[in-house]
Amino acid sequence: MVIGTPMDLRQLKIFCAVVDHGSFTAAAEAVHTVQSNVTMRVKELETELGQPLFIRRRSGVMPTAAGEIFLGYARRILQLTEESRAALQDDGRPIGPLRLGAMETTAAIRLPRLLGSYRARHPEVRMSLTTGTTAELIRAVESCQLDGAFIGGRHQHPALVQEALFDEELALISTSDITSRDALLDTLPDQTVFVFRAGCFYRSTLESWFHQAGLVPGQIMEMGTLDGILSCVASGMGITLLPASVARQSSLADALHCHALPAGVATVTTVFIRRRDTLPGAALKAFMALARATFQPSPLRPPQPADPG
């Protein structure tokens with residue numbers, strides 16, 4: 001059995017930084033130290049654990065299988081340490097970091113007003129927002145990289161608290177030249193369908209619907225940004241499936257047409273998730289209270305349905 005120097009929080013922070021940044025040099029910059037110190041701390045951890053934690057490559061480093069296992073524990077230890085410190089200092093006033101995540105569509109359409117209102121009310125909270133697919137956001141909350149995130153749909157996950165906040169009306173979106181859904185589906189074998197990368201809830205909804213309905217598009221093309229997808233659709237290069245509000249509020253709205261979907265796939269619930277075993281601090285509690293108030297549906301302004309057909 002190898003006995004080394006007992007691990008400390010600084011070692012764990014450095015280890016997580018190396019994983020997050022993929023290199024010792026970038027990790028050193030992130031934690032404000034020198035590369036030699038990062039190298040030494042990682043070697044100390046590897047000696048104590050008796051396992052190599054990283055695979056060294058010319059282009060950087062990546063965690064070994066043991067490193068991946070240890071990463072979950074390291075993040076949890078750091079999170080618990082931060083929680084304990086915050087609990088002792090918590091006087092009910094929202095303050096400190098608040099790390100949020102959201103799907104790109106939610107970030108673009110639903111969050112600007114909420115985030116602006118929250119910042120105005122709680123200027124001492126340091127908010128950050130990360131966008132990603134639903135699958136990526138779930139993993140980020142699981143690994144304590146995010147305090148909470150907006151994702152598409154409810155998921156069977158006992159480790160997460162899930163709170164439904166609002167429903168999105170989904171639509172098949174084409175260029176404005178195509179005004180009939182039947183006409184659009186007739187041309188589907190010749191159409192390119194633009195989607196986000198694997199893990200996107202809207203993409204999985206679209207693919208499931210196509211499979212159940214026996215529909216086969218000409219090709220599926222992944223794109224990395226919402227603007228890129230909408231620009232391609234507006235120019236007539238293909239179609240996509242997204243919340244109808246995204247198309248209607250886009251600067252390209254005049255060039256787009258929203259086609260209503262069958263009832264089974266027409267609506268998706270946007271859910272806010274956080275870890276069940278993590279005590280929400282004052283900053284997150286205040287954010288959730290404001291989110292509930294912001295997204296409470298108003299009977300005076302019912303949602304506009306997608307165009308029939």
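**Backbone, salt bridges and helix 12 in a predicted model**

C144 sits in the loop that runs between helix 7 (134–142) and strand 5. In this predicted model, the phi angle of C144 is near 70°, a positive value for a residue other than glycine. Is C144 buried or exposed? With a relative accessibility of 7%, C144 falls under the 20% cut-off and so counts as buried. Strand 5, which follows this loop, has the highest mean pLDDT among the elements of the chain, at 97.

A second positive phi is found at H32, where the angle is about 60° although the residue is not a glycine. H32 belongs to the loop between helix 2 (24–30) and helix 3 (35–49). Here the side of the story told by accessibility is another one: H32 has a relative accessible area of 72%, and because that value is over 50% the residue is classed as exposed.

It helps to set these loops in the whole chain. The chain has 309 residues, and buried residues make up 46% of them. Its secondary structure consists of 12 helices and 11 strands, and the C-alpha trace spans about 70 × 50 × 35 Å along its principal axes. The accessible surface comes to about 16,000 Å², with 54% of that area belonging to carbon and sulfur atoms. Of the contacts with a separation of 6 or more, 76% are between residues 24 or more positions apart. As for confidence, the mean pLDDT of the chain is 89, and 93% of the residues reach 70 or more. Helix 4 has the lowest mean among the elements, 84.

Turning to charged pairs, side chains of opposite charge can pair when their charged atoms come close. How many salt bridges does the chain hold? The count comes to 13. One of them joins the side chains of R41 and D8, with an N to O distance of 3.2 Å. R41 lies in helix 3 and D8 in the segment before helix 1 (9–21), so this pair ties together parts that are 33 residues apart in sequence. R41 counts as buried at 18% relative accessibility, whereas D8, at 33%, is partly exposed.

A further salt bridge connects R76 with D277, at 3.6 Å from N to O. This pair links distant parts of the chain, as R76 is in helix 4 (residues 65–89) and D277 is in the loop between strand 11 and helix 12, 201 residues apart. R76 is buried, with a relative accessible area of 15%, while D277 is partly exposed at 45%.

E136 and R197 form another salt bridge, in which the closest N and O atoms are 2.8 Å apart. Here too distant parts of the chain are linked: E136 is in helix 7 and R197 in the loop between strand 7 (192–195) and helix 9 (201–213), a separation of 61 residues. Both partners are partly exposed, E136 at 27% relative accessibility and R197 at 32%. Where salt bridges share partners, they join R76, R275 and D277 into one network.

Helix 4, the element that holds R76, also contributes to the surface. L9, I69, Y73 and I77 form a nonpolar patch there, with about 400 Å² of accessible area together. Which helix gives the most to this patch? The answer is helix 4, with 3 residues. L9, by contrast, has its place in helix 1 and counts as partly exposed at 35% relative accessibility.

Finally, helix 12 (residues 282–295) offers a neat check on geometry. At 1.5 Å a residue, its 14 residues should span 20 Å, and its end C-alpha atoms are 20 Å apart, so expectation and model agree. Helix 12 is mostly covered, as 10 of its 14 residues are buried. Among these buried residues are A282, A283, L284, F287, M288, L290 and F295. What covers them includes strand 3 (96–102), helix 6 (111–121), strand 4 (125–131), strand 5 (148–152), strand 6 (160–175) and strand 11 (267–275). Strand 5 thus appears both next to the C144 loop and in the cover of helix 12.

Note on methods. Residues numbered from 1 in each chain as written. Predicted model: local features only at pLDDT ≥ 70, side-chain atom pairs only at ≥ 80, totals over all residues. Heavy atoms only, no water. Helix = DSSP H or I, 4+ residues; strand = E, 2+ residues; numbered from the N terminus. Expected span 1.5 Å × (residues − 1). Buried < 20%, exposed > 50% of the residue type's maximum accessible area, 1.4 Å probe, protein only. Contact = heavy atoms within 4.5 Å. Salt bridge = Lys/Arg side-chain N within 4 Å of Asp/Glu carboxyl O. Patch = residues over 30% accessible without salt bridge, like charges linked within 9 Å, V, L, I, M, F, W, Y side chains within 5 Å. Areas by Shrake-Rupley, 256 points an atom, 1.4 Å probe, with all protein chains shown as cover. pLDDT = per-residue confidence, 0-100.
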